[in-house]
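Subject: Structure handed over, with notes

Dear colleague,

I am passing on the structure we spoke about, and the notes on what was found in it follow below. Please read them with the coordinates open beside you.

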Amino acid sequence: MTLALVAGCATSSQEKPQETAQQAKARPNIIVIMTDDQDLASMSVMRNVRRLLADQGTTFSNAYVSYSWCCPSRATFLTGQYAHNHKVLSNSSPDGGYQALPKQTLPMWLTQSGYDTVHIGKYLNGYGRHGSEIPQGWKDWYGLMGPSTYSMWGYTLNENGKLRKYGKKKGGKPANYQTDVLARKAVAYLNRPTTGKRPFFMWFAPLAPHLEAPWNKKMGDKWGGPRPAPRHRNAYDNAVMWRSPSFNEKDISDKPRHVRRNKRFGKKKIASIQAEYRNRLESLLAVDEAVAKIYRAVKRRGQLDRTLFVFTSDNGYMLGQHRFAHQKIHPYEESVRIPLIVRGPGFPKGRKVRTPVSNVDLPATILAASGAKPGRRQDGRPLQNFLHGDRKRDILLETGPRVRARWYAALRTDRYLYVEHSGGEKELYDMYTDPYQLNSRHADPALASVRKELARRLKAVRRCAGASCP
């Protein structure tokens with residue numbers, strides 16, 4: 001299928017004139033692997049990611065998402081802007097979802113600079129519900145369609161304009177397991193004779209370890225799982241989730257009203273959280289294998305030294321902390337902190353960077369590596385800027401305002417988390433002395449000057465744009 005026949009794709013007239021082979025070789029291929037709802041602790045099962053990427057690259061140990069929710073977070077990745085600038089503020093209309101995504105996005109800028117672009121997996125919430133167009137900027141497209149995105153079997157892929165369904169939701173064949181199919185698409189793309197003649201950008205976005213939509217009538221509207229690949233079932237049957245001091249927290253009197261309404265979990269709820277924990281770990285094993293397959297395919301083509309790998313998640317996930325189960329969006333560490341590993345040209349082997357960074361920095365990083373020019377003002381900074389010596393830096397966390405919902409704005413520094421909620425309530429945590437956020441000190445007179453200074457800095461950053469962002 002030519003570019004002119006693909007609805008919404010960039011046309012050849014938009015592309016940069018053909019590069020020489022030497023010019024193309026000087027710019028890296030870029031592969032971004034983004035899981036869905038992966039908390040930092042679950043990286044323990046990602047052996048291939050640790051061995052092939054972390055050990056050979058740079059780990060950003062204090063990485064955060066500015067808006068810990070699927071669609072706003074992915075919109076930040078595609079625009080390089082905080083949500084208050086790109087305006088994708090929720091997962092659905094009228095103030096969010098795929099339809100709210102701005103037209104100028106990262107794949108367009110890369111295409112215009114001479115890159116081939118390919119997306120494989122989940123895009124933004126709402127994609128495929130009202131049509132099967134291919135979003136602008138993508139030359140090759142394998143996007144999960146609509147609600148079927150949330151099924152490990154029985155989903156539909158838009159394969160460069162052709163819709164193809166893979167199996168049935170219940171009792172699906174092992175070969176149709178979603179993560180494995182997406183991995184095969186990625187490897188097939190990398191094995192094409194033409195791949196690598198021009199630099200390419202791949203966004204590989206599996207669903208795991210996100211919960212699955214109901215796959216049988218008995219479930220009603222209850223989400224479950226996620227179901228692991230058949231070969232990985234029961235791999236972590238005996239795994240016991242570590243319960244941090246914030247798990248099923250005893251005293252939440254320091255928290256805002258909406259948190260204080262959370263009831264303590266009983267045995268049945270704790271067992272449910274434990275079961276989901278095991279399913280999540282098992283579902284990530286196929287992702288870990290997919291990373292190894294993609295890595296080996298790049299290596300076979302002799303392009304390992306010119307390929308930049310980024311491994312991350314769109315947000316974190318809460319499994320019982322502060323009495324929240326199956327939750328994100330909240331400003332607490334398990335929700336906003338994510339894995340972030342970069343391997344490839346310019347990123348030192350075995351380096352660990354403690355400077356606070358954000359998903360808003362990823363597009364700036366890719367632009368710096370590729371030489372592409374953005375079509376939108378960038379709020380983030382290239383990660384390359386933070387490789388030499390750890391720095392203090394403010395990170396904005398935000399959620400709104402959203403229609404008919406609470407919202408907050410927060411500042412995460414190297415030491416403190418300061419939160420202002422839409423109802424007027426505040427939170428303040430000293431992460432040096434209280435890493436599990438058990439005691440908000442927003443009313444502590446001893447921290448009055450700290451609170452005042454953080455409030456001043458938050459006010460400045462919550463509406464920042466471009467160079468005015470820290």
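Strand E1, which covers residues 29-35, pairs with E8 in the parallel sense, and the pairing runs over 4 bridges. Please bear in mind throughout that this is a predicted model.

Within the pairing of E1 with E8, Ile 31 is the residue that stands opposite Met 202 of E8. Strand E4, residues 116-121, also pairs with E8 in the parallel sense, here over 6 bridges, and Asp 116 stands opposite Phe 200 in E8. As for E8 itself, 6 of the 6 residues of this strand (residues 200-205) are buried, so it is largely enclosed by the rest of the structure. Both of its faces are covered, with Phe 200, Met 202 and Phe 204 buried on one side, and Phe 201, Trp 203 and Ala 205 buried on the other. Met 202, the partner of Ile 31, and Phe 200, the partner of Asp 116, thus belong to one side of the strand.

Elsewhere there is an open sheet of 3 strands, in the order E12-E3-E15, whose pairing is mixed. Its edge strands are E12 (337-338) and E15 (357-358), each of which pairs on one side only. Strand E3, made of residues 63-64, pairs with E12 in the antiparallel sense over 2 bridges, and Ala 63 stands opposite Ile 338 of E12.

Among the helices, H10 (residues 362-370) has 7 of its 9 residues buried, so it too is largely enclosed by the rest of the structure. The buried residues are Leu 362, Pro 363, Ala 364, Thr 365, Ile 366, Leu 367 and Ser 370. Just after H10 comes Gly 371, which takes a positive phi of about 80°.

Turning to the cysteines, the structure holds 1 disulfide, which joins Cys 464 to Cys 469 with a distance from S to S of 2.1 Å. The torsion about this S-S bond is about 90°, so the disulfide is right-handed. Cys 464 counts as buried because its relative accessibility is 2%, and Cys 469 counts as buried at 3%.

What, then, is the closest cysteine sulfur to that of Cys 70? The closest is in Cys 71, at 8.0 Å, which is too far for a bond. Cys 71 is accordingly in no disulfide, the nearest cysteine sulfur being that of Cys 70. Both residues are nevertheless enclosed in the sense used here, as Cys 70 counts as buried at 1% relative accessibility and Cys 71 counts as buried at 0%.

Finally, a word on internal space: the count comes to 4 cavities of 30 Å³ or more, and the largest cavity holds about 40 Å³ of space. The largest cavity is lined by Glu 398, Thr 399, Gly 400, Pro 401, Trp 407, Tyr 408, Ala 409, Arg 462 and Arg 463. By class, this lining is made up of 4 nonpolar, 2 polar and 3 charged residues.

With kind regards

Notes
Residues are numbered from 1 along each chain as its sequence is written. This is a predicted model: local features need pLDDT of at least 70, side-chain atom pairs count only at pLDDT 80 or more; totals for chains, interfaces and linings use all residues. Side-chain values use heavy atoms; hydrogens and water are left out. Buried means under 20% relative accessible area, exposed over 50%, partly exposed in between (1.4 Å probe, protein chains only). Two strands pair if DSSP finds at least two bridges between them. On a 1 Å grid over the protein atoms alone, a cavity is a set of points where a 1.4 Å probe fits but cannot get out, and a pocket is an open set with protein on both sides within 12 Å along at least five of seven lines; lining residues have an atom within 4 Å of a point. Grid points are joined across faces, edges and corners, and a volume is the space filled by probe spheres set on the points. Ala, Val, Leu, Ile, Met, Phe, Trp, Tyr, Cys and Pro count as nonpolar, Asp, Glu, Lys and Arg as charged, and the others, Gly among them, as polar. A disulfide is a pair of cysteine sulfur atoms within 2.5 Å.
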